[in-house]
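User: I would like a close look at one part of this model, the metal site. Please set it beside the ligand and the charged pairs as well.

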Amino acid sequence: MRRSKAALLGTIGALVFTACSNVETAKESGATPVSASAVDIPVDTSVREALFVDPHSYSTEEAKVNSLHWEAEVDFDAEVIRATANWTLEEGHGDTVIFDSKALDISSVAVDGEQVDFELSGPDELLGSALAVPVSPSAKEVSITYATTEHAEALQWYPRELTQGKRQPFLFTQSQAILARTWVPCQDRPGVRFTYTAKVKVPKETLALMSASNPSVKNEEGIYEFSMPQPIPSYLLALGVGDLEFIAIGERSGVYAEPEMVRNAAFEFAQTEDMIIKAESLYGPYYWGRYDMLVLPPSFPFGGMENPRLTFLTPTVVVGDRSLVSLIAHELAHSWSGNLVTNATWNDFWINEGFTVYFEMRIMELLYGADYADMLEALSYDDLQQGLVDMLENDPEATRLKQDLAGRNPDDGVNVIAYDKGFHFLKLCENTLGRDRWDAFLKSYFDRYKFKTMVTEVFLGELAKEMTAEEWQKIGVEQWVYGKGLPANCPPAISNRFVQVDEGVKMMLGVDPDAANAKELVYLDQKTTLRWSTHEWLRYIRGLQAGGATVGHYALADANYGFSGSPNPEVIAAWYTAVLSTDYRGYDEAIFRNKVNSFLRSVGRRKFIVPMYESMLAGDEQRQTWAKQVYMEARASYHPLAQQTLDKIFEDYL
Ligand code: BES
Ligand code: ZN
């Protein structure tokens, strides 16, 4: 089957038309094929523009902001931020500027220093309220004075008792995807970029940090100034305040953490500078100046968040052996895929995450070798396969790379599709074009689109120019991007280092755990297992779970390898999730229950606690009751985002 490139590009045009339900007539008239030299796809401007329309923001294309000066005071006693957001406008705006806001207490709005009457639309549960400000055509500045409320979903106020040092409280923000509007009134969509400066007052015993240039020590006044000269989208606005210390670990990088944690963190992330150099060698210069990291309290709902110049991290990766630093590679990679070339709307989220997982794997390969990266890729493949089973049953539409999230929470798109299907698609592109051609293409892509937004269709246009018609066909690009499920030509996961692990799993599952010599039969000698990293152990545990191990098998495995005593939260969470899916009673019940309880009360990382609760809820009534009890106790210490996810899961059981 050979088709001309023009025909292929016509196909993309047609796909774009089908993707936009509001321009159906265009489809009948037939999409004009664009020439191979045109970057912009499709040719029809109205269709093109429709792709950039963001269903998650009230702001308009006609009146955009271009910079922010934020003055704020953080009041830990009242758990409120009082602030003024001073926005400068882009020239040529109309007579109304619209901002997104949610759960904000807005007291006044001024245009070029003059107070004006503003309008706040009735709140939408998901999107919040549109703040409409009347402006004259020559207006330059809009200042909004406001305070946050207890309903600010982006904020977690963390009490001092729960911090490591128990001296000072902690505050951190999480703006992605559409929560910046709960602490700063803004045009809250990735398609609008702005530079910013800020002046923030905090208690003088604490240090304030932002996704900007940062201080490294506390000062007497507790007043800090920040500047972010590169334009960023609102979801990358970030603030962290706490009893923090800084340790430099390289030319351009360092860690901030509580004093109790900061040395361990500096050791754990010591390879960061090397990662930056490796990343630059792949896809071009790092544009953000410094790359520092902030270690947050364990309630941080994610592994990491790529806030520019200051990645936010879960403390659960500080395990002492640097075995979980692929997370740093991931967040660092976002400095290109995401922060530099940004998904235009959350429908194109795979443009951020799929590329970032791909880039992460490439950095890890350079740092640790292909065998190591193969393990990470195999785990990604497993996640994908496992996630797909559930999604194809419950929401098959959601298995397309290009999403339609209008009316839905963009959080719904945070799943294996954007990350792991996205990664495997790009990996297949690499395999098909060969590494040299593919890398040259990506490098030039990041360069040409830096500080710009990207929709799937424009990326496909770029890809179509790079590939021959045969290559395009062979990959089945359209099928990958717009089709459901996983195409049959998905590159298989092959990991040499997992061969041994899988044999160990087989051996275990083939044994009757009650047999007298079972323990010896399944024992893998230390010559083998001492060389295993966290990834081998994860594969082992997941292998047992997927193979239907019984509580007896788990008890054997624990006796041999001491999983339940592991200091590594990643291993522990996988272990609990697996054991909880069995009739765990009979396996050191009281001790086990206590450990699970204390883990769930102290860690709020969604990736860990959601599968654990799900395992419990899938069990008998006694386990369900247990799950509800712990959740009720632990809920208050979780981040609003984790609460939201879990409330939804528990809804069916209450
Ligand atoms: N940007 C994401 C986290 C995110 C996505 C927050 C969408 C809110 C909405 C971050 O880069 C990420 O992907 N984190 C992963 C890391 C992992 C894939 C290495 C996480 O936290 O698990
Ligand atoms: Zn990411």
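Which residues coordinate the zinc ion (ligand 2)?

Analyst: This is a predicted model. In it, the zinc ion (ligand 2) is coordinated by His330 through NE2, His334 through NE2, and Glu353 through OE atoms, listed twice. These donors sit at 2.0 to 2.7 Å. Along the chain, the donors of the zinc ion (ligand 2) are spaced as H-x3-H-x18-E. His330 belongs to helix 6 (residues 326-333) and Glu353 to helix 7 (residues 349-368), so this pair ties together parts that are 23 residues apart in sequence. His330 is buried. Glu353 is buried too.

Now the geometry. There are 6 donor atoms around the zinc ion (ligand 2). Their angles run from 53 to 158°, which makes the arrangement irregular. For reference, ideal angles are 109.5 degrees for four tetrahedral donors and 90 or 180 degrees for six octahedral ones.

Next, ligand 1. His330 appears here as well: an N or O atom in its side chain is 3.0 Å from an oxygen atom of ligand 1. In total, 15 residues surround ligand 1. The closest are Gln176, Gly303, Glu306, Glu331 and Tyr419. Gln176 places a polar side-chain atom 2.7 Å from a nitrogen atom of ligand 1. Gly304 uses its backbone instead: a polar atom there is 3.3 Å from a nitrogen atom of ligand 1.

Then the charged pairs. Side chains of opposite charge can pair when their charged atoms come close. The count comes to 40 salt bridges. Three of them follow, taken one by one.

Asp243 and Lys218 form a salt bridge, with the closest N and O atoms 2.7 Å apart. Both residues sit in loops: Asp243 between strand 14 (239-242) and strand 15 (245-248), Lys218 between strand 12 (207-210) and strand 13 (223-233), so the pair ties together parts that are 25 residues apart in sequence. Asp243 has 8% relative accessibility and therefore counts as buried, the limit being under 20%. Lys218, at 34%, is partly exposed.

Lys607 and Glu570 form another salt bridge, again with the closest N and O atoms 2.7 Å apart. Lys607 lies in helix 21 (residues 606-617) and Glu570 in helix 19 (residues 569-580), so the pair ties together parts that are 37 residues apart in sequence. Glu570 is at 7% relative accessibility, so Glu570 counts as buried. Lys607 is partly exposed, with a relative accessible area of 47%.

Arg635 and Asp647 make the third pair described here, with the closest N and O atoms 2.6 Å apart. Arg635 is in the loop between helix 22 (621-634) and helix 23, while Asp647 is in helix 23, 12 residues away. Some salt bridges also share partners: Arg167, Lys218, Asp243 and Glu260 are joined into one network this way. Back at the third pair, Arg635 is partly exposed, with a relative accessible area of 30%.

Finally, the surroundings of Asp647. Helix 23 covers residues 640-651. Asp647 has 28% relative accessibility, so Asp647 counts as partly exposed. Leaving out residues up to four places away in sequence, Asp647 touches Tyr631 and Arg635. Leu179 is 468 residues from Asp647 along the chain, and their C-alpha atoms are separated by 18 Å.

Key: Residues numbered from 1 in each chain as written. Chains lettered and ligands numbered in written order. Predicted model: local features only at pLDDT ≥ 70, side-chain atom pairs only at ≥ 80, totals over all residues. Heavy atoms only, no water. Helix = DSSP H or I, 4+ residues; strand = E, 2+ residues; numbered from the N terminus. Buried < 20%, exposed > 50% of the residue type's maximum accessible area, 1.4 Å probe, protein only. Contact = heavy atoms within 4.5 Å. Donors = N, O, S within 2.8 Å, 3.2 Å for Na, K, Ca; no water. Tetrahedral: all angles 85-135°; square planar, octahedral: opposite > 155°, others 65-115°. Salt bridge = Lys/Arg side-chain N within 4 Å of Asp/Glu carboxyl O. Near = heavy atom within 4 Å. Polar contact = N/O pair within 3.5 Å; in protein donor to acceptor, adjacent residues only side chain to side chain.
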